Amino acid sequence: MNPEINQNIEQLHSSHDEGTLVRRSVAHNMRKVRLARGQSLRDLATETNLSTALLSQIERAVANPTVVALTRIAAALDISFADLTRSTVIETEIVRADDV
């Protein structure tokens with residue numbers, strides 16, 4: 001992995017506790033998938049039996065959701081628990097025609 005990316009990851013981990021990183025990952029992933037599916041928070045609340053207020057707090061990385069709540073959200077969004085909680089750093093890879 002690129003040394004610059006390793007440094008960025010280390011800075012993220014040193015500046016925030018693990019809980020904050022997970023909450024931010026969940027917030028980002030949940031919102032991205034929900035919007036891609038064209039769902040409102042109200043729609044998701046109906047499917048998960050969680051309040052719209054709680055879902056909004058989760059999407060803003062304010063709430064600290066339980067595993068049960070995250071499992072319900074993942075199921076309603078038709079993604080795995082791991083995908084909902086995943087924090088990924090994507091490194092750009094350049095492939096030259098001569099290398100193929």
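This passage walks through the helices of a predicted model and a few residues with notable surroundings.

The overall picture is an easy one to hold in mind. The protein has six helices and zero strands, and its elements run α-α-α-α-α-α from the N terminus on. Of the 100 residues in the protein, 27% are buried. Among the contacts with a separation of 6 or more, 56% join residues 24 or more positions apart.

Helix H2 is a convenient place to start. Its 19 residues reach 27 Å from the first C-alpha to the last, close to the 27 Å expected at 1.5 Å a residue. The buried residues of H2 are Thr-20, Leu-21, Ser-25, Val-26, Ala-27, Asn-29, Met-30, Val-33 and Arg-34. After the helix comes Gly-38, with a positive phi near 75°.

H2 packs against H4. Two packed helices are described by the angle between their axes and the distance between the axes. For H2 and H4, the angle is about 115° and the axes are 7 Å apart. Angles of 65 to 115 degrees count as roughly perpendicular, and the two helices are therefore roughly perpendicular to each other. On the H2 side, the contact is made by Arg-23, Val-26, Ala-27, Met-30, Arg-31 and Arg-34, while H4 contributes Leu-55, Ile-58 and Glu-59. Sorted by character, the residues of this contact comprise five nonpolar, no polar and four charged. Several H2 residues in the contact also belong to the buried set of that helix, including Val-26, Ala-27, Met-30 and Arg-34.

Asn-29, also in helix H2, offers a closer look at a polar side chain. Asn-29 counts as buried because its relative accessible area is 10%, which falls under the 20% limit. A polar atom of the Asn-29 side chain lies 2.8 Å from the backbone oxygen of Arg-86. Beyond residues up to four places away in sequence, Asn-29 touches Asp-83, Leu-84, Thr-85 and Arg-86. Arg-86 thus appears both in the polar pair and in the list of contacts.

A second buried residue is found in helix H3, which spans residues 41-48 and includes Thr-48. With a relative accessibility of 3%, Thr-48 counts as buried. The side chain of Thr-48 reaches the backbone oxygen of Leu-44 at 2.8 Å, and a polar atom of that side chain lies 3.3 Å from the backbone nitrogen of Leu-50. Leaving aside neighbours within four places in sequence, Thr-48 is in contact with Leu-55, Arg-72, Ile-73 and Ala-76. Leu-55 is also one of the H4 residues in the contact with H2.

The loops bring a few further details. Between helix H4 (52-59) and helix H5 (67-77) lies Val-62, which is exposed at a relative accessible area of 53%. Its C-alpha atom is separated by 9.2 Å from that of Thr-20, 42 residues apart along the chain. Ala-61 is found in the loop between H4 and H5 as well, and is partly exposed, with a relative accessible area of 25%. The phi of Ala-61 is near 60°, a positive value in a residue other than glycine.

Asp-78 also has a positive phi near 60°, again in a residue other than glycine. Asp-78 sits in the loop between H5 and helix H6 (81-85). At 64% relative accessibility, Asp-78 counts as exposed.

Notes: Residues are numbered from 1 along each chain as its sequence is written. This is a predicted model: local features need pLDDT of at least 70, side-chain atom pairs count only at pLDDT 80 or more; totals for chains, interfaces and linings use all residues. Side-chain values use heavy atoms; hydrogens and water are left out. Helices (H or I, at least four residues) and strands (E, at least two) are DSSP runs, numbered from the N terminus. Buried means under 20% relative accessible area, exposed over 50%, partly exposed in between (1.4 Å probe, protein chains only). A polar contact is a pair of N or O atoms within 3.5 Å; within protein, one must be able to donate a hydrogen and the other to accept it, and residues adjacent in sequence count only if both atoms are side-chain atoms. Contact means heavy atoms within 4.5 Å. Axes are lines fitted to C-alpha atoms, for helices over the stretch in contact, and angles run from 0 to 180 degrees between N-to-C directions. Angles under 35 degrees count as roughly parallel, over 145 as roughly antiparallel, 65 to 115 as roughly perpendicular and the rest as oblique. Ala, Val, Leu, Ile, Met, Phe, Trp, Tyr, Cys and Pro count as nonpolar, Asp, Glu, Lys and Arg as charged, and the others, Gly among them, as polar. The expected span of a helix is 1.5 Å times one less than its number of residues.
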